Amino acid sequence: MNRLRKVGVIMLLVVIVSTQLIAADGDSLSPSFLEYMRGPEMYSVLQDTHKILGYTSAALGIAACVFNPVLVDDDLHKMFGSAAAISSAVNIGVGLVNYGDRVFSPEHEKAATRDVLHAALSVAGSILMIAATGVEAEDDEGFSGNFAHAALGIAGAGLMASSIVFEW
Amino acid sequence: MCVALIFTAGLSARNFTVVYLDRTEVNMEATSYIKKQIKKQKAPLKVSFTNGFSKVDRITDPVVIINSGRAAGLDPRIESFLSSQSDTSRFILVNIYRMGRKTFFSTTSVVDSSAGVDEISASSYYDDPKTDSMHQQWTAELFRRVQEKL
């Protein structure tokens, strides 16, 4: 459960920082920093970062599913799984900063349907990936054992990958 | 030698400002494309960006205004801002029109412009590499006009 707590804290921090960047109007952050972060200079940097982290998260998630403890060493599986959960959590923060207003703004309601679906699928995928790292197969029995860990991990990676397909 | 040339080119780069009104996808794509194209086309220019007209009165360099979110015509906020200016010679209007999957590029001189400024128009269709030549065309024209105003 320690790993779950760590990933949870990272995700919470990412969400707090990114929502502050969206909501703040010069109160908590200096306006010049906010303007720069949400301006054209950073837009393309964050756009590329979001793309790379998205593909990386999905690839790591799928790698964790493929390289499972039945086939390979448990440490390798854990490394892929944890990296997928962390990169997906960070990427949600990056996505919120760069595209948050597209998802939440009522002005873009119709045009943003695809973006909203992309965001919903990736957030759900990330949550499931993080949950999978918490429900470790070898520690638990019953529902929260092998089946739950595998189901959460596969569903998380699947949702993450499908959220990318929505944006193609 | 190479470092010295790059340093000299950096020093000789002249400033201009791009104004966008909303943080929309089209505005962000257009503004970041301008920045990328300065480097790609090796234009001796340096761009800064500002959201809205609040800082424009303090800027003395050429100002490029992005007019987007429409299929034709001018955003009323831009119209009202330009009509409040006594001298519009430092402004260039870039119309990024919503025209579906159509590529389009045109220029309008000050004399023919209803807003009384130099105008460059293109469609907001981005689909590399199909639309890249259109976007390169309007940015090249923009850089040429900015340099004329410096």
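In what order do the elements of chain B run from the N terminus on? Let me start with that, and keep in mind throughout that what we are looking at is a predicted model. Reading from the N terminus, the elements of chain B follow the order α-β-α-β-β-α-β-β-β-α, and the count for this chain is 4 helices and 6 strands.

Before going into the sheet, a word on the overall dimensions of chain B. The C-alpha trace of this chain spans about 50 × 40 × 30 Å along its principal axes. Its radius of gyration is 15 Å, which agrees with the value near 15 Å that a compact globule of 150 residues would have.

Now to the sheet. In chain B, 6 strands form an open sheet with mixed pairing, and their order across the sheet is β2-β1-β3-β4-β6-β5. The two edge strands are β2, residues 45–51, and β5, residues 105–108, each of which pairs on one side only. On average, and with direction ignored, neighbouring strands of this sheet are turned by 20° against each other. Helix α2 of chain B, residues 25–40, packs on this sheet, where it touches β1, β2, β3 and β4 of chain B, and its direction makes about 145° with that of β3(B).

If you would like one pairing to look at in detail, take strand β1 of chain B, residues 14–20, and strand β3 of chain B, residues 63–68, which pair in the parallel sense over 3 bridges. Within this part of the sheet, Val18(B) has Val64(B) as its bridge partner in β3(B).

Let me stay with α2(B), and turn to its helix neighbour in chain B. The axes of α2(B) and of helix α4 of chain B, residues 132–149, come within 10 Å and cross at roughly 75°, which means that α2(B) is roughly perpendicular to α4(B). On the α2(B) side the contact is made by Tyr33(B), Ile34(B) and Gln37(B), and on the α4(B) side by His135(B), Gln136(B) and Thr139(B). Sorted by class, this contact has 2 nonpolar and 4 polar residues, and no charged ones.

The same question of helix packing can be asked of chain A. There, helix α3, residues 40–66, and helix α4, residues 74–104, have axes that come within 8 Å and cross at roughly 155°, so α3(A) is roughly antiparallel to α4(A). The crossing of these two helices of chain A, α3(A) and α4(A), is left-handed, and their contact has 12 nonpolar, 14 polar and no charged residues.

Finally, where do the two chains meet? In total, 8 residues of chain B are in contact with 9 residues of chain A. On the chain B side, α2 and β2 each supply at least two residues, and the largest share, 5 residues, comes from α2(B). By class, this side of chain B has 2 nonpolar, 3 polar and 3 charged residues.

At this meeting of the chains, the axes of α3(A) and α2(B) come within 8 Å and cross at roughly 95°, and the two helices are therefore roughly perpendicular to each other. Pro40(A), Glu41(A), Tyr43(A) and Ser44(A) of α3(A) make the contact with Met28(B), Thr31(B), Ser32(B) and Lys35(B) of α2(B). This contact of α3(A) with α2(B) has 3 nonpolar, 3 polar and 2 charged residues.

Methods:
Residues numbered from 1 in each chain as written. Chains lettered and ligands numbered in written order. Predicted model: local features only at pLDDT ≥ 70, side-chain atom pairs only at ≥ 80, totals over all residues. Pairing = 2+ DSSP bridges. Axes fitted to C-alpha atoms, helices over the stretch in contact; angles between N-to-C directions. Contact = placed C-beta atoms within 7 Å. Nonpolar A, V, L, I, M, F, W, Y, C, P; charged D, E, K, R; others polar. Parallel < 35°, antiparallel > 145°, perpendicular 65-115°, else oblique. Left-handed = near helix turned anticlockwise from the far one by under 90°. Rg over C-alpha atoms; globule rule 2.2 N^0.38 Å.
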